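This briefing is intended for a reader at the bench who has the sequence and the model at hand. Its topics are strands, pocket lining, aromatic rings and cysteines.

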Amino acid sequence: MATMESLIGLVNRIQRACTVLGDHGGEGSLWEALPSVAVVGGQSSGKSSVLESVVGRDFLPRGSGIVTRRPLVLQLHKTNDGQAEYAEFLHAPRKKFSDFASVRKEIQDETDRITGKTKHISNIPIHLSIYSPNVVNLTLIDLPGLTKVAVEGQPDSIVEDIENMVRSYVDKPNCIILAISPANQDIATSDAIKLAREVDPSGDRTFGVLTKLDLMDKGTNALDVLEGRSYRLQHPWVGIVNRSQADINKNVDMIAARRKEVEYFESSSDYSHLAHKMGSEYLAKLLSQHLEMVIRQRIPSIIALINKTIDELNAELDRLGRPIGSDGGAQLYTILDMCRAFDRVFREHLDGGRPGGDRIYGVFDNQLPAALKKLPFDRHLATQNVRKVVSEADGYQPHLIAPEQAYRRLIDSSLGYFKGPAEASVDAVHMVLKDLVRKSIGETEELKRFPSLQADIAAAAGEALERFRDDSRKTVLRLVDMESSYLTVEFFRKLPTEPEKSSNPTASNSNTDRYSENHFRRIGSNVSAYVGMICDTLKNSIPKAVVYCQVREAKRNLLNRFYALLGKKEKQQLGAMLDEDPGLMEKRDGLAKKLELYKKARDEIDSVAWK
């Protein structure tokens with residue numbers, strides 16, 4: 001079986017690695033799943049002294065009022081005997097502090113950096129690791145001291161703010177509560193015990209620590225508390241004797257203070273029978289033993305969380321895309337793979353798997369018919385205009401049977417109006433296709449990491465769509481011209497040919513005045529009927545031409561020229577196309593490191609816990 005310190009030391013290393021990678025908070029994180037010890041107590045209860053006694057170093061800021069204004073996540077790493085002690089901060093990872101007075105100053109400076117030189121608090125933690133042969137492997141979280149009233153310079157909400165911050169840590173089921181209470185105050189009024197009772201009513205997670213035993217009134221003792229008669233916990237109470245102010249002023253080191261503490265309990269008439277269960281060294285070992293037991297109990301759930309997170313990280317890395325090989329072949333394969341992925345999405349938009357393709361049908365079913373309906377045939381084929389065209393077409397000789405030249409002129413000029421709606425349909429479909437290209441690039445997950453390739457594909461697709469539009473425009477205009485170049489003769493053979501003479505005896509000698517109003521009205525009506533027939537034909541043939549020249553080509557050959565150009569590019573040019581978004585690269589690197597951490601954590605926990 002693994003030793004206690006090896007298992008807790010492993011958890012410490014994992015927590016440290018989680019912190020470095022930024023995975024040190026939030027529900028479901030590995031940090032949350034690993035147990036730690038939160039130090040809770042009222043202001044001036046002796047919290048700082050207890051922590052310094054456990055560490056064996058004088059390193060925490062001191063003063064009156066609220067001194068701890070940010071949570072301090074303190075990770076203790078036991079090293080081999082004879083190794084030098086040093087400390088490291090997460091915010092200054094490459095700097096080792098061997099002078100613990102400098103550690104105190106750094107904590108103060110880092111606190112002021114966030115809160116300013118005020119009495120305000122912040123929930124942003126400071127992460128400190130201490131490496132020493134004089135500590136046990138342990139993670140302790142020093143929290144601001146609970147208070148009952150705001151003092152000058154503090155906001156009115158400070159009491160509630162501190163309590164909410166402390167609760168955010170001790171509410172978690174993996175948190176072990178170290179409740180600090182001074183012995184020279186009534187335990188019933190202890191802020192730490194009151195809060196611990198609320199969040200841990202069974203007392204399973206709470207360890208009671210009684211400080212300042214040496215400052216109690218003469219003739220009194222704290223045996224009722226230490227022996228569990230005043231307030232019983234599931235775990236034994238531990239008494240602590242902190243350094244006196246005189247010792248602090250004389251710079252008595254913590255190792256000497258520990259010896260002095262042991263002597264106090266061994267020589268005390270009140271506590272000598274409990275001496276082996278008292279003191280900061282015993283407290284550290286007790287916490288370490290309990291922490292090892294809790295970790296061992298939670299190993300199955302920790303491993304399950306790690307496996308779940310590994311699966312999620314792998315899925316996210318697959319979504320973002322794995323790193324690309326550096327050789328030209330691998331780069332070309334990646335680019336072609338990205339293009340095929342984009343092409344699939346684009347086709348899904350056209351074929352109905354994704355929204356957007358229906359807008360092309362909307363052009364043919366709504367926009368084109370509406371545009372055809374608005375053409376000015378009523379004005380163009382009005383009797384007055386027909387009379388004018390007939391007169392100009394006949395010249396000095398009136399037509400004998402039917403004004404064929406006038407018919408042709410009227411039909412030709414009428415059919416010319418169809419060019420506008422035909423070209424508008426081409427342009428409308430072109431705009432839809434361009435928009436679908438833009439959407440498809442944005443929706444192709446594989447492309448998101450390559451902004452340069454996105455731009456290259458967009459440019460290549462845009463050029464192809466322009467070619468398809470030009471071809472489509474020529475085709476639909478050719479359809480209109482075809483109708484003008486050869487009229488459907490059978491339509492006109494069915495029409496009456498004898499013109500109606502004017503019955504007005506006073507009519508002038510003008511060609512047009514020789515015929516009745518009904519004659520010109522009939523010509524306009526005949527041309528209108530013929531144009532209507534052509535309109536119905538073009539209403540069907542224009543969409544077919546547009547789909548054939550634009551939509552069909554976009555589905556089949558959108559990137560064909562781009563593919564041909566890719567084969568001619570050098571490795572350096574291909575690499576430039578795969579220039580990733582720096583944000584995505586950073587995200588993928590972070591996920592890869594986190595994945596490596598979780599895999600290593602799983603393997604090490606397995607090997608240490610069960611061997």
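The points below are grouped by topic.

The model is predicted. Its open sheet comprises nine strands with mixed pairing. Its largest pocket has a volume of about 540 Å³, and the structure holds nine aromatic pairs.

**The sheet and its edges**

- The strands of the open sheet follow the order E4-E3-E5-E2-E6-E1-E7-E8-E9.
- Strand E4 (92-97) and strand E9 (238-239) stand at the edges, and each has a single partner strand, so one side of each lacks a neighbour in the sheet.
- Strand E1 (residues 36-41) runs parallel to strand E7 (residues 175-182), and six bridges join the two.
- Within this pairing, Ala38 has Ile177 in E7 as its bridge partner.

**Strand E6 and its neighbours**

- Strand E6 (residues 138-142) is largely enclosed by the rest of the structure, because five of its five residues are buried.
- Leu138, Leu140 and Asp142 point one way from E6, whereas Thr139 and Ile141 point the other way; all are buried.
- E1 and E6 run parallel and are joined by three bridges.
- Asp142 in E6 is the bridge partner of Val39.
- Strand E2 (residues 72-78) pairs with E6 in the antiparallel sense, over five bridges.
- Ile141 in E6 has Val73 standing opposite.

**The largest pocket**

- The volume of the largest pocket is about 540 Å³, and 26 residues line this pocket.
- Ser44, Gly46, Ser49, Arg62 and Lys212 are the lining residues closest to the pocket centre.
- Helix H3 (47-55) and helix H8 (245-249) each supply at least two residues of the lining.
- H3 gives the most to the lining of the largest pocket, with three residues.

**Aromatic pairs**

- The structure holds nine aromatic pairs. One of them, formed by Tyr86 and Tyr131, is stacked, at 4.7 Å centre to centre with 15 degrees between the planes.
- Tyr86 belongs to strand E3 (residues 86-89) and Tyr131 to strand E5 (residues 126-132), so the pair ties together parts that are 45 residues apart in sequence.
- Tyr86 is partly exposed, at a relative accessible area of 22%, whereas Tyr131 counts as buried, at 14% relative accessibility.
- The ring centres of Tyr264 and Phe265 are 5.4 Å apart and the planes meet at 80 degrees, so this pair is edge-to-face.
- Tyr264 counts as partly exposed, at 24% relative accessibility, while Phe265 counts as buried, at 1%.
- Tyr264, Phe265 and Tyr271 are linked into a cluster by ring pairs.

**Charged groups over rings**

- Tyr86, besides pairing with Tyr131, has Lys96 over its face, at 4.5 Å from the ring centre.
- Lys172 places its charged end over the ring of Tyr169, 5.1 Å from the ring centre.

**Cysteines**

- The count of disulfides comes to zero, where a disulfide would require a pair of cysteine sulfur atoms within 2.5 Å.
- Cys339 is buried, with a relative accessible area of 0%.
- Cys535 is also buried, with a relative accessible area of 12%.

Definitions and conventions: Residues are numbered from 1 along each chain as its sequence is written. This is a predicted model: local features need pLDDT of at least 70, side-chain atom pairs count only at pLDDT 80 or more; totals for chains, interfaces and linings use all residues. Side-chain values use heavy atoms; hydrogens and water are left out. Buried means under 20% relative accessible area, exposed over 50%, partly exposed in between (1.4 Å probe, protein chains only). Rings of Phe, Tyr and Trp (its six-membered ring) pair if their centres lie within 6.5 Å; planes under 30 degrees apart count as stacked, over 60 as edge-to-face and the rest as tilted. Helices (H or I, at least four residues) and strands (E, at least two) are DSSP runs, numbered from the N terminus. A charge sits over a ring if NZ of Lys or CZ of Arg is within 6 Å of the ring centre and within 35 degrees of the ring normal. Two strands pair if DSSP finds at least two bridges between them. On a 1 Å grid over the protein atoms alone, a cavity is a set of points where a 1.4 Å probe fits but cannot get out, and a pocket is an open set with protein on both sides within 12 Å along at least five of seven lines; lining residues have an atom within 4 Å of a point. Grid points are joined across faces, edges and corners, and a volume is the space filled by probe spheres set on the points.
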